[in-house]
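Here are my notes for anyone opening this one for the first time. Have a look at the model, then read the points in order.

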Amino acid sequence: MPKNSKVTQREHSSEHVTESVADLLAHQEPVDYKRSVLNVTGETWDKQKEGDEDLDAENRPAWNSKLQYILAQIGYSVGLGNVWRFPYLCQKNGGGAYLVPYLVLLIIIGLPLFFLELAVGQRIRRGSIGVWNYICPRLGGIGYASCLVCFFVGLYYNVIIGWSIFYFFKSFQYPLPWSECPIVKNGSVAVVETECERSSATTYFWYRETLDISNSISESGGLNWKMTLCLLVAWSLVGLAMIKGIQSSGKVMYFSSLFPYVVLVCFLVRGLLLRGAVDGIMHMFTPKLDKMLDPQVWREAATQVFFALGLGFGGVIAFSSYNKQDNNCHFDATLVSFINFFTSVLATLVVFAVLGFKANIMNEKCVVENAEKILGYLNTNVLSHDLIPPHVNFSHLTAKDYNEMYRVIMTVKEGHFKELGLDACLLEDELNKSVQGTGLAFIAFTEAMTHFPASPFWSVMFFLMLINLGLGSMIGTMSGITTPIIDTFKVRKEVFTVGCCIFAFVVGLIFVQRSGNYFVTMFDDYSATLPLTVVVILENIAVAWIYGTKKFMQELTEMLGFRPYQFYYYAWKYVSPICMAVLMTASIIQLGVSPPGYSAWIREEAAEKFLFYPTWAMAILISLIILASLPLPLVFILRQFHLVSDGSNALSVTYKKGRMMKDISNLEDNDETRFILSKVPSETPSPMPTHRSYLGPGSNSPMEMSSAPNGRYGSGYLLASTPE
């Protein structure tokens, strides 16, 4: 014992000795209980095993730089939904007025929950399974549910990347293959393909040339080999990006996260130079304030916030688990959340600038077609020349002149006007045509690009942007599967990643049948929405109400070096759970009110038709929701009744000689017994906070703690229950 220790000094003092047990232990050399006589569990000490465990804790992969990590989170959260879902919601729900509920919900729901996931991942340094096993073992099913949802989403999300790859390679030709309807020979006569003539060139190319779609989900039609090959390429790209973990995916993020912004800015500049672009942007930002009072608008805004940030998938937790523990994750949460929001606004500007240009083109086409009808009626004396204003020149007919002529004819021929078959050709009507998802990317946008100068270049850029947006999100989604599985079951990273991609490709063949697009719609609508809402609610409850908001805030203070705003305390404890519960209720009501169905493309009619899912498809749909949610009650029951071991024990760390808890001297007097009886963490980077042994008020008693089952890496001694 050191000569200057308190005990040595007091041996020569007449003062009454009141030295605490913690002070005495602070000056003693720590005991490795696995090698000592106190090991009463019969567990043998394995030097190689202990070395491997320490190596795993100390050598967890880390990001090469803060920039790489931020780009990974941005690449994950900014995805295809920002480009083709947000603009549609903005157009549908009041234009500029929609931005208000979206921004409000981003601040009161999105930011706090995003910060929560970043914080728990960084603090515990494990994937979603390990994190929730540690915070609340009975709710450990959260991690497994997240993995299942990631798998379901990854299955169909990569199919969309496959479609983008197909269009990307088809863009290297002039004119673009979807710019004109194909000509088919009917004997000696060449005619335009009927299906294309009755729809449009881009619609025909999407449904017939790309998907070769069947008339319903019940008609499989066999595999589409072009799409099967594209899906194989897509999974190969994901596998190569993921095979080395963040060492490989982090480097990919430099390109896949930044390139879409380059393309969006180029498209915005080009779009603003197009005729009619301002009309589209003005239409987008014109607020319809009455929409702000519609509860449906707030529900859709909350759902978009929820999915835009990737909450509940486990990808956010996986990425943050590779951070240093002193990283300022509050800054990261705020930065990524608002970059996501501004990216959505930027994409909306681009989309509406291009759609404004397309609307002007289509409106001019409408004016020309209807002017020819009017000329025909004039030549056949169905209409009188007196109805035509004198300043109207049919060779240079403007939309304004046509509208004036249209109103005059409609007034004079009121009784027989419908028989003339004239269209109003209003620009507003074209701008109000709502398109989203694949309809926006593969039909409306591709049609607009056919009118661009140097259209192949812009098409190549657009679909390369979609590939990168999808790839960034897929890397995050796959990390939500691979990181927790590798952390928990210690499988080889490369082997598991390759196996996962091969298995997903085989299962994903269901999406490249001729009816595959209908399965993509089913999975997109039902496989994730409800299960993820439940997952995020339970995440919030686990941290705020079971682990304890005060304790969590205290740990954040120690980790960050400053105390987070009190706003987060109330958001986590009250606001977010209530808002998420309301969202879940609204989603269930929406599912009940809206009968499950899909839009089928009917070849003979060359038009879409809404169909209800058949019984077997309804069974698949319900099974998806149940299967994704099943780990939640299953793990709870198994651990509640001690049918399986407590998953949190597997997160314990080994004891190394010479390393003890840093702040022993700071323990309160009534915590000394607890300190002796509990497991003592080491100072090495650990998957759990260093003061895990002190659980605060309301925690288990020392006797209860000592009788807990010993985990794989436990110390293996129970002082309170062993007669020795």
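The points below go from the whole chain to its core, then to one helix and a surface patch.

1. First, a caution: this is a predicted model. The protein chain has 30 helices and 4 strands, so expect to meet the helices by number, as the numbering runs from the N terminus.

2. How much of the chain is tucked away? Of its 724 residues, 54% count as buried. The protein chain exposes about 32500 Å², and carbon and sulfur atoms supply 62% of that area.

3. Contacts reach a long way along the sequence. If you take the contacts between residues at least 6 apart, 79% of them join residues at least 24 apart.

4. Now the inside. The largest nonpolar core has 178 residues, and Trp 132, Ile 135 and Phe 267 are the ones with the most contacts inside it. Helix 9 supplies the largest share of this core, 18 residues. Apart from it lies another core, of 19 residues, including Val 392, Tyr 402, Tyr 406 and Ile 409.

5. Ile 135 is a good residue to click on. Which residues does Ile 135 touch, leaving aside its neighbours within four places in sequence? The partners are Val 120, Ile 124, Ala 542, Val 543 and Tyr 547.

6. Next, try helix 28, which covers residues 631-640 and has Pro 631, Leu 632, Val 635 and Arg 639 buried. Looking down the axis of helix 28, these buried residues fall within an arc of 100°, so they line one face of the helix. What covers them includes helix 8 (128-135), helix 9 (141-170), helix 25 (529-560) and helix 27 (615-629). After helix 28 comes His 642, with a positive phi near 55°.

7. Finally, turn to the outside. Trp 545, Ile 546, Tyr 570, Tyr 574, Val 575, Ile 578 and Val 582 make a nonpolar surface patch of about 690 Å². The elements giving two or more residues to the patch are helix 25 and helix 26 (566-593), and helix 26 gives the most, with 5 residues.

8. Is Tyr 574, a member of that patch, buried, partly exposed or exposed? Tyr 574 sits in helix 26 and has a relative accessible area of 38%. Buried means under 20% and exposed means over 50%, with partly exposed in between, so Tyr 574 counts as partly exposed.

Terms used: Residues are numbered from 1 along each chain as its sequence is written. This is a predicted model: local features need pLDDT of at least 70, side-chain atom pairs count only at pLDDT 80 or more; totals for chains, interfaces and linings use all residues. Side-chain values use heavy atoms; hydrogens and water are left out. Buried means under 20% relative accessible area, exposed over 50%, partly exposed in between (1.4 Å probe, protein chains only). The arc is that of the directions from the helix axis to the C-beta atoms. Contact means heavy atoms within 4.5 Å. Patches are made of residues with over 30% relative accessible area and no salt bridge: like charges are joined within 9 Å, nonpolar side chains (Val, Leu, Ile, Met, Phe, Trp, Tyr) within 5 Å. Accessible areas come from the Shrake-Rupley method with a 1.4 Å probe; for residues, only the protein chains shown count as cover. A salt bridge is a side-chain nitrogen of Lys or Arg within 4 Å of a carboxyl oxygen of Asp or Glu. A nonpolar core is a set of buried Ala, Val, Leu, Ile, Met, Phe, Trp, Tyr and Cys residues joined through side-chain atoms within 4.5 Å.
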